[in-house]
Amino acid sequence: MALTLRSSTSFLSPLDPASKLLHKPEDAPPSCVAMPQQAPATTRLRALRAATQSPPAPVESSTPAQTELLHGQVQQAHPGGEPRRGGVPVYVMLPLDTVGPGGQVLRARALAASLMALRSAGVEGVMVDVWWGVVERDGPGRYDWEGYAELVRMVERAGLRLQMVMSFHQCGGNVGDSCNIPLPPWVLEEVSANPDIVYTDRSGRRNPEYISLGCDTLPVLKGRTPIQVYSDYMRSFRDRFSGYLGTVIAEVQVGLGPCGELRYPSYPEADGTWRFPGIGEFQCYDKYMRASLQSAAVAAGHENWGTGGPHDAGEYKQFPEETGFFRREGTWSTEYGHFFLEWYSGMLLEHGDRVLAAAEAIFRGTGATLSAKVAGIHWHYRTRSHAAELTAGYYNTRRHDGYLPIARMLARHGAVLNFTCMEMKDEQQPGHAGCSPELLVQQVRAAARTARVELAGENALERYDEQAFEQVASTAASAGLSAFTYLRMNRNLFDGDNWRRFVAFVKTMADGGERTALPRCDTGHSDLYVGFLDAAKERRTPEAEAAAAL
């Protein structure tokens, strides 16, 4: 069935679709043509694999011989074998429960239709969480990859690529969490027996989202350390998907904390514990973190500093000026404050370094890019103390750069720095919260450039409006993003104007952030909506099915 499309963001090309994964030249003219009969995905992916018969250089710290300097930062060679030629590839996050708690792909028919729609729109690929609580649910070292193997095959057939997240955290209790996937049952048994292996706040509240980094090197998980458990998991993943790494699986994002981000769970939304724009709380009160703090205090010659975290740091929902620690010239700016914040942020950096060192060794030579995610904590950024960033583990104040050490740590392991809140503008934030997402992104961009590490981005919240897309495109052009991952694929994305704006956004990103004029053949001023592409009423297109079924 031939479908004729009219759109200002024409995404069909007269070129052979087999060239998409091999990065077709950018000067292909926009066209308004009938939907072409695509070559089988297996043919396209076979061509891509042929281009990567010789494994790329190991994923290591960048060197001039291995990389190309673009936009003032180092860009790794594309896993397909050729460097990117301008433009920013767009990925789309799949639903959190794409592979459900039982290990099966959910809503497979709707998913297949959705992947086809994304492919038609010019999207590069999709991102999926590979949940620890799903894969290793049956017991230590018992891995069930079958649901994810089916997903990889579906993505391959659609001619797309994958960013796969090693999600060692719980799903549920945070912004945007639409389902509940806890840590593996056998891990929760260990938590019940020893509650100190999860993060704990000053009042003794335990957080089961992620294993405390304080016990990274202790055998608290059925005789294995958390680092050993994460390493075994990643090694099993590598072995199971070795034939897809570097081709269909373009990137492995390594989860490093709650929500997969390198941070402490300082602002949990579950049960109303925290509410925006609260400062959050330090998470250093499990016995392993307290022992580390005590040891650091003794080494610093101030044993009394190791009895616990700051006593005047307030509570989750408070504002900086309501506390002794975070107020304008508060305890954060004293010698003690510097000691504590150096230790607290340093522990987080060491955790990231350990996990990424393991990941680098495991995935070296596979051709897959490594990445790690850093949270965009933009509230109270305009205050001196940057309280919300401090409780999350980022020692970033008006006097101290908290993101350059993170960028340098990632650079040591050849990992991309994936940062959120790329869609936000300062003028859209509530005045009382001291927000500045734009200045925050600028600071992180500068840190990435100084450390010579790639910068990629995500939107923090679901957005479908023109302003958000324009902000992302502008940031992508100025920051030289290596990729952008859009949150998230759902029913709303495929809805009328939302889909039309998204398709236009993908085209804009492919053009390097430049807004493109209407193609001459689009005399109808663009009314593209995949839900309308039903040449026969008795048979809806897969795109329409995606919108209806999600």
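1. In this predicted model, helix 10 has a set of buried residues, namely Leu404, Ile406, Ala407, Met409, Leu410 and Ala411. These buried residues pack against helix 8, strand 9 (369-374), strand 10 and helix 11, and when you look at the structure it may help to find helix 10 and then trace each of those four partners in turn. Helix 10 is followed by Gly414, a residue whose phi is positive, near 65 degrees.

2. Just beside that glycine is a residue to look at next, His413, which lies in the loop between helix 10 (404-412) and strand 10 (415-419). Is His413 buried or exposed? His413 counts as buried because its relative accessibility is 7%, and the cut-off for that word is a value under 20%. The side chain of His413 also makes a polar contact with the side chain of Glu360, at 2.9 Å.

3. A second loop residue, Asp216, is found between strand 7 (206-211) and helix 6 (226-240). Its relative accessible area is 1%, so Asp216 is buried. Leaving out residues up to four places away in sequence, Asp216 touches Thr225, Pro226, Ile227, His351 and Arg354, and with Arg354 there is a polar contact of 3.0 Å between the two side chains. As for distances along the backbone, Asp216 and Gln228 are twelve residues apart in sequence, while their C-alpha atoms are 8.7 Å apart in space.

4. A third loop residue is His169, located between strand 5 (161-167) and helix 5 (185-193), and with a relative accessible area of 5% it is buried. Which residues does His169 touch, not counting residues up to four places away in sequence? They are Asp129, Trp131, Leu183, Glu209, Tyr210, Gly257, Pro258, Cys259 and Gly260. For Gly260 there is a further detail, in that the side chain of His169 reaches the backbone nitrogen of that glycine at 3.3 Å.

5. Cys259, one of the residues touched by His169, leads to the matter of disulfides, of which the count comes to zero. Why is Cys179 not bonded to Cys171? The sulfur of Cys171 is the closest cysteine sulfur to that of Cys179, but the separation is 3.6 Å, which is too far for a bond, because a disulfide requires the two sulfur atoms to be within 2.5 Å. Cys259 is in no disulfide either, since the nearest cysteine sulfur, again that of Cys171, is 8.5 Å away. The surroundings of the two residues can be set side by side: Cys179 counts as buried at 17% relative accessibility, whereas Cys259, at 26%, counts as partly exposed.

6. Val135 belongs to helix 3 (residues 132-135), and its relative accessible area of 1% makes it buried. Once neighbours within four places in sequence are left aside, Val135 is in contact with Val130, Arg142, Tyr143, Asp144, Trp145, Tyr148 and Tyr233. The C-alpha atom of Val135 is also separated by 6.9 Å from that of Gly103, although the two residues are 32 residues apart along the chain.

7. Turning to the packing of helices, helix 7 (residues 287-299) and helix 8 (residues 335-363) have axes 11 Å apart and pack at an angle of about 130 degrees. The two helices are therefore oblique to each other, and their crossing is right-handed. Helix 7 contributes Met289, Ser292, Leu293, Ala296 and Ala297 to the contact, and helix 8 contributes Phe339, Phe340, Trp343 and Met347.

8. What is the angle at which helix 11 (residues 437-451) and helix 12 (residues 466-479) cross? Their axes cross at roughly 25 degrees and come within 11 Å, which makes helix 11 roughly parallel to helix 12. Helix 11 passes helix 12 in a right-handed crossing, and the contact is made by Glu438, Val441, Arg445 and Arg449 on the side of helix 11, with Gln471, Thr475, Ser478 and Ala479 on the side of helix 12.

9. Finally, these details can be placed within the chain as a whole, which has 14 helices and twelve strands. Of its 550 residues, 60% count as buried. Among the contacts in the chain with a separation of 6 or more, 77% are accounted for by residues that are 24 or more positions apart.

How values were computed: Residues numbered from 1 in each chain as written. Predicted model: local features only at pLDDT ≥ 70, side-chain atom pairs only at ≥ 80, totals over all residues. Heavy atoms only, no water. Buried < 20%, exposed > 50% of the residue type's maximum accessible area, 1.4 Å probe, protein only. Polar contact = N/O pair within 3.5 Å; in protein donor to acceptor, adjacent residues only side chain to side chain. Contact = heavy atoms within 4.5 Å. Axes fitted to C-alpha atoms, helices over the stretch in contact; angles between N-to-C directions. Parallel < 35°, antiparallel > 145°, perpendicular 65-115°, else oblique. Left-handed = near helix turned anticlockwise from the far one by under 90°.
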